[in-house]
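Open the model in your viewer and keep the selection panel handy. We will hop from one selection to the next, with a short note at each stop.

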Amino acid sequence: MEKLQATAREFYTAIDSQDWNTVERLVTPDFVAQVSDSSPMELPAWRQQLEMFHQGFPDGHHIIDEYVIGANAVVTRCRFQGTHTGVFHEIAPTGRDVSAGVIHIDHFIDGKIARHLGQLNMLGMLSQLRATPERD
């Protein structure tokens, strides 16, 4: 079980640094990701989504709060934090720092991630970007 947690940690570190060689090494050849209510997607399509995310938040990263480990799955409760310095969902850079809750469930086969399920508080993130500054 410790190996599964270590693999999950390495997976999110690689995603944060856009280290796609490591990501590919950690997933099965038939890896599938499903984020929020999107359709399941293979690694190339998911990578494209993550790269668009990275364009909006180049310093974005996961802050891991907790792992829950089962026989062949790891649930990761974390926060995504970053500074909005690029276009994201057609919103021009605001320079705002954002923090949004995330739950990931990664299913493993033979020590590799075969299926990734992710739920990000996108509404909370977008509301942070669209918030009007307080006036004195």
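Begin with the salt bridges: the count comes to 5, where a salt bridge is a side-chain nitrogen of Lys or Arg within 4 Å of a carboxyl oxygen of Asp or Glu. Please keep in mind that this is a predicted model, in which local features need pLDDT of at least 70 and side-chain atom pairs count only at pLDDT 80 or more, while totals for chains, interfaces and linings use all residues. Residues are numbered from 1 along each chain as its sequence is written, and side-chain values use heavy atoms, with hydrogens and water left out.

**Stop 1: Glu10 and Arg25**

Select Glu10 and Arg25 and show their side chains. They form a salt bridge whose closest N and O atoms are 2.4 Å apart. This pair links distant parts of the chain, with Glu10 in helix H1 (residues 2–16) and Arg25 in helix H2 (residues 20–26), 15 residues apart. Helices here are DSSP runs of H or I with at least four residues, strands are runs of E with at least two, and both are numbered from the N terminus.

Are these two buried or exposed? Neither: Glu10 is partly exposed at 31% relative accessibility, and Arg25 is partly exposed at 44%. The classes are buried for under 20% relative accessible area, exposed for over 50% and partly exposed in between, using a 1.4 Å probe and protein chains only.

**Stop 2: around Asp65**

Now select Asp65 together with Arg77. Their side chains meet in a salt bridge at 3.7 Å, N to O. Arg77 lies in strand E4 (residues 73–83) and Asp65 in strand E3 (residues 61–69), so the pair ties together parts that are 12 residues apart in sequence. Arg77 is partly exposed, with 38% relative accessibility, and Asp65 is partly exposed too, with 31%.

Add Arg79 to the selection. Its side chain meets that of Asp65 in a salt bridge of 2.9 Å, N to O. Here again distant parts of the chain are linked, since Arg79 is in strand E4 and Asp65 in strand E3, 14 residues apart. Arg79 has a relative accessible area of 29%, which makes it partly exposed. Which residues belong to the network that shared partners build? Add Glu66 to see it whole: Asp65, Glu66, Arg77 and Arg79 are joined into one network.

**Stop 3: Ala71**

Move on to Ala71, in the loop between E3 and E4. Ala71 is exposed, with a relative accessible area of 76%. Leaving out residues up to four places away in sequence, Ala71 touches Met1 and Leu4, a contact being heavy atoms within 4.5 Å. For a distance to draw, try Ala71 to Asp19: 27 Å from C-alpha to C-alpha, with their positions 52 residues apart in sequence.

**Last stop: the whole protein**

Zoom out and colour by secondary structure. You will find 4 helices and 6 strands, in the order α-α-β-β-α-β-β-β-β-α along the sequence. The radius of gyration is 15 Å, close to the 14 Å that the globule rule gives for 136 residues, so the protein is as compact as a globular protein of that length. That radius is taken over C-alpha atoms, and the rule is 2.2 Å times the number of residues to the power 0.38. Along the principal axes, the C-alpha atoms fill a box of roughly 55 × 30 × 25 Å. Finally, colour by accessibility: 39% of the 136 residues count as buried.
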